[in-house]
Amino acid sequence: MTNRSQPLKPLSAFLPKQKPEQYLYQMDPAKHEIALSTNNLQVRYGDKLSFSDGDLAFERYKITSLIGASGSGKSTFLRSLNRMNDGIANVTGQIWYRGLDINSKEIDVYEMRRHIGMVFQRPNPFAKSIYNNITFPLTQRGHYSKEELDEIVERTLKQAALWDQVKDDLNKSALSLSGGQAQRLVIARALALKPDILLLDEPSSALDPISSAQFEETLLQLKEHYTIIIVTHNMQQAARISDYTAFFHLGKVVEYDLTRKIFTRPKVELTNDYISGNFG
Ligand SMILES: Nc1ncnc2c1ncn2[C@@H]1O[C@H](COP(=O)(O)OP(=O)(O)OP(=O)(O)O)[C@@H](O)[C@H]1O
Ligand SMILES: [Mg+2]
């Protein structure tokens with residue numbers, strides 16, 4: 001039997017006493033131009049929910065880093081942003097890009113991917129020459145003169161910090177490149193399509209320190225024209241190059257904020273543990 005005269009507990013008794021478990025920076029669309037945003041995004045592989053709760057907005061012409069332990073859902077989230085999980089995972093929720101929900105069935109996925117380009121965690125060069133790796137996607141859909149293509153190949157290979165190493169071997173098979181070189185080639189290939197948004201999944205994980213530094217320099221130049229979302233395991237890199245950082249843990253975004261806040265005074269304990277290496 002319940003005692004009906006028992007007074008209700010004050011509401012404050014139900015509020016969490018501890019620090020928030022999640023803090024998501026709410027970007028003000030009046031002050032920041034939003035290039036891409038997600039709403040109620042959930043990704044399931046079979047029955048397994050691998051990502052949920054990411055109501056995130058990404059600012060145009062900024063770099064946003066996605067950080068977090070292995071298996072925390074960074075690639076799952078990133079791949080969903082240009083529908084690379086189609087046929088692999090069940091993705092629900094909305095992904096807003098220029099007033100369109102690109103997660104809806106009506107979207108021309110191929111066209112959308114010209115706007116939202118992606119470089120995968122594992123480089124996937126085509127079994128073609130270095131030169132044709134870059135020009136193939138272009139010539140499939142448009143007409144370019146030899147001079148234009150030469151210019152694009154040189155410019156994008158320079159941007160990807162690979163030109164000096166391959167300029168005399170452009171007709172060699174891309175499959176003969178080392179892992180780090182192949183990674184830079186697929187970055188050049190993505191840049192050749194001039195996407196609006198560039199999704200990069202650990203693009204410099206296979207690069208030596210010099211190439212990696214060159215690549216960071218490139219990213220900082222690219223953000224004048226591109227919105228970049230990059231997954232990285234390198235905390236220093238995230239701190240150096242990105243404007244915003246999102247910290248992933250067990251398939252959720254625990255904290256999303258300006259990079260300088262994440263790395264100096266994160267609001268969530270778990271974020272602090274991760275960036276200071278006290279994880280686990
Ligand atoms: N194709 C898939 N099928 C089934 N489960 C998957 C698939 N891809 C990823 N997962 C699962 O989803 C979870 C998140 O994986 P995800 O690859 O997104 O992690 P991550 O943060 O990118 O890790 P890493 O830093 O190692 O790349 C993991 O538990 C993983 O096993
Ligand atoms: Mg990954």
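**Exercise 1. The chain as a whole**

What percentage of the contacts in the chain with a separation of 6 or more is accounted for by residues 24 or more positions apart?

*Solution.* The structure is a predicted model, and the values below are computed from it. Among the contacts with a separation of 6 or more, 69% join residues that stand 24 or more positions apart. To set this in context, begin with the secondary structure, which consists of ten helices and twelve strands. Next take the extent of the chain, whose C-alpha atoms fill a box of roughly 85 × 40 × 40 Å along the principal axes. Finally, of the 280 residues in the chain, 38% are buried.

**Exercise 2. The surroundings of ligand 1**

List the residues around ligand 1, and state which helix gives the largest share of that shell.

*Solution.* Reading along the sequence, the shell starts with Tyr45 and Ser50, continues with Gly68, Ser70, Gly71, Ser72, Gly73, Lys74, Ser75 and Thr76, and ends with Ile88 and Gln121. The largest share, three residues, comes from helix H1, which spans residues 74-80. When the shell is sorted by class, nine of its residues are polar, two are nonpolar and one is charged.

**Exercise 3. Helix H4 and its two partners**

Describe how H4 packs against H6 and how H3 packs against H4, and decide in each case how the helices are oriented to each other.

*Solution.* The method comes first: two packed helices are described by the angle between their axes and by the distance between those axes.

Step one concerns helix H4 (residues 146-159) and helix H6 (residues 179-192), whose axes are 8 Å apart and which pack at an angle of about 125°. H4 and H6 are therefore oblique to each other, and H4 passes H6 in a right-handed crossing. On the H4 side the contact is made by Ile152, Thr156, Leu157 and Gln159, and on the H6 side by Ala188, Leu191 and Ala192. This contact of H4 with H6 has five nonpolar and two polar residues, with no charged residues.

Step two turns to helix H3 (residues 130-141), whose axis comes within 10 Å of that of H4 and crosses it at roughly 120°. This angle makes H3 oblique to H4, and here too the crossing is right-handed. From H3, the residues Tyr131, Ile134, Thr135 and Leu138 meet Leu149, Ile152, Val153 and Thr156 of H4. By class, the contact of H3 with H4 has six nonpolar and two polar residues, and again no charged residues.

Step three looks at burial within H3, where Ile130, Asn133, Ile134 and Thr135 are buried. The cover over these buried residues of H3 includes H4, H6 and helix H5 (163-166).

**Exercise 4. Val253 and Glu59**

Is Val253 buried or exposed, and which residues does Val253 contact beyond its neighbours within four places in sequence?

*Solution.* Val253 is placed in strand S12, residues 252-258. Because 26 other C-beta atoms lie within 10 Å, Val253 is buried, the cut-off for a buried residue being 20 or more. Apart from those sequence neighbours, Val253 is in contact with Leu24, Asp53, Gly54, Leu56, Ala246, Phe247 and Phe248. Of these, Leu24 is 229 residues from Val253 along the chain, yet their C-alpha atoms are separated by 7.9 Å.

Now apply the same procedure to Glu59, which lies in strand S4, residues 57-59. Glu59 has 19 C-beta neighbours inside 10 Å and so counts as partly exposed. Leaving out residues up to four places away in sequence, Glu59 touches Met27, His32, Glu33, Ile34, Ala35, Asp243 and Tyr244. As for Asn124, Glu59 stands 65 residues from Asn124 in sequence and 28 Å from Asn124 in space, C-alpha to C-alpha.

**Exercise 5. Positive phi values**

Where are Asn40 and Arg98 found, and what phi does each have?

*Solution.* Asn40 belongs to strand S2, residues 34-45, and has a phi near 55°, which is a positive value in a residue other than glycine. With 11 other C-beta atoms within 10 Å, Asn40 is exposed. Arg98 is found in the loop between strand S6 (90-97) and strand S7 (100-101), and the phi of Arg98, near 45°, is likewise positive in a residue other than glycine. Since Arg98 has 10 C-beta neighbours inside 10 Å, Arg98 counts as exposed.

Key. Residues are numbered from 1 along each chain as its sequence is written. Chains are lettered from A and ligands numbered from 1 in the order in which they are written. This is a predicted model: local features need pLDDT of at least 70, side-chain atom pairs count only at pLDDT 80 or more; totals for chains, interfaces and linings use all residues. A residue is near a molecule or strand if its C-beta atom, placed from the backbone, lies within 6 Å of it. Helices (H or I, at least four residues) and strands (E, at least two) are DSSP runs, numbered from the N terminus. Ala, Val, Leu, Ile, Met, Phe, Trp, Tyr, Cys and Pro count as nonpolar, Asp, Glu, Lys and Arg as charged, and the others, Gly among them, as polar. Axes are lines fitted to C-alpha atoms, for helices over the stretch in contact, and angles run from 0 to 180 degrees between N-to-C directions. Angles under 35 degrees count as roughly parallel, over 145 as roughly antiparallel, 65 to 115 as roughly perpendicular and the rest as oblique. A crossing is left-handed if the near helix is turned anticlockwise from the far one by less than a right angle, and right-handed if clockwise. Two residues are in contact if their C-beta atoms, placed from the backbone, lie within 7 Å. A residue is buried if 20 or more other C-beta atoms lie within 10 Å of its own, exposed if 12 or fewer, and partly exposed in between; C-beta atoms are placed from the backbone.
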